Amino acid sequence: MKKILFYENVISKQLKLARIKCNLSQAELAAKMQTMNVNIDQQMISKIENNARFVTDYELACFCRILKISEKELLTDFYENYS
């Protein structure tokens, strides 16, 4: 059985690409997350995008809603690297 090692999260690259595609700054994305009752700020978004912070399932779902993408799209790197 192949052992899968994860460091912090698998969405860092795709989150940044999706955020930029939506023309949102990290601060703007954090503000939109806060309107969904997610306690997150610009620094936390930066840490997620730099793979230095875990992402909860609830945060993942909220990112998808805000960025208008599916969970599968945000997890593209996971599906490509760990099929």
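Let's start at Tyr 79, which is partly exposed, with a relative accessible area of 40%. Keep in mind as we go that this is a predicted model. Tyr 79 has an aromatic partner: the structure holds one aromatic pair, and Phe 78 and Tyr 79 make it, edge-to-face, with 5.3 Å from centre to centre and 75° between the planes. Phe 78 is also partly exposed, at 24% relative accessibility. It doesn't make the buried class because that label is kept for values under 20%.

There's something else to look at on the tyrosine. Which residue puts its charged end over the ring of Tyr 79? That's Lys 72, and its charged end sits 5.5 Å from the ring centre. So turn the view until you have Tyr 79 with Phe 78 edge-to-face and the charged end of Lys 72 over the ring.

Now swing over to Cys 62, in helix α4, which covers residues 57-67. Buried or exposed? Cys 62 is buried, with a relative accessible area of 3%. Leaving out residues up to four places away in sequence, Cys 62 touches Met 33, Met 36 and Val 38. If you want a backbone reference for that spot, take Lys 32: its C-alpha is 9.1 Å from that of Cys 62, though the two are 30 residues apart along the chain.

Next stop, helix α1, where you'll find Arg 19. Despite being an arginine, Arg 19 counts as buried, because its relative accessible area is 8% and the cut-off is 20%. What does its side chain reach? The backbone oxygen of Leu 24, at 2.8 Å. Leu 24 also turns up among the residues that Arg 19 touches beyond four places in sequence, and the others are Ser 25, Gln 26, Leu 29, Glu 49 and Leu 67.

Finally, step back to the segment before α1 (12-21), where Asn 9 has its place. Asn 9 is buried too, with a relative accessible area of 11%. Its side chain has polar contacts with two backbone nitrogens: that of Ile 11, at 3.1 Å, and that of Ser 12, which lies 2.9 Å from a polar atom of the Asn 9 side chain. Further along the sequence, setting aside neighbours within four places, Asn 9 is in contact with Ile 48, Asn 51, Arg 53 and Val 55. So if you centre the view on Asn 9, look for Ile 11 and Ser 12 alongside those four contacts.

Terms used
Residues are numbered from 1 along each chain as its sequence is written. This is a predicted model: local features need pLDDT of at least 70, side-chain atom pairs count only at pLDDT 80 or more; totals for chains, interfaces and linings use all residues. Side-chain values use heavy atoms; hydrogens and water are left out. Helices (H or I, at least four residues) and strands (E, at least two) are DSSP runs, numbered from the N terminus. Buried means under 20% relative accessible area, exposed over 50%, partly exposed in between (1.4 Å probe, protein chains only). A polar contact is a pair of N or O atoms within 3.5 Å; within protein, one must be able to donate a hydrogen and the other to accept it, and residues adjacent in sequence count only if both atoms are side-chain atoms. Contact means heavy atoms within 4.5 Å. Rings of Phe, Tyr and Trp (its six-membered ring) pair if their centres lie within 6.5 Å; planes under 30 degrees apart count as stacked, over 60 as edge-to-face and the rest as tilted. A charge sits over a ring if NZ of Lys or CZ of Arg is within 6 Å of the ring centre and within 35 degrees of the ring normal.
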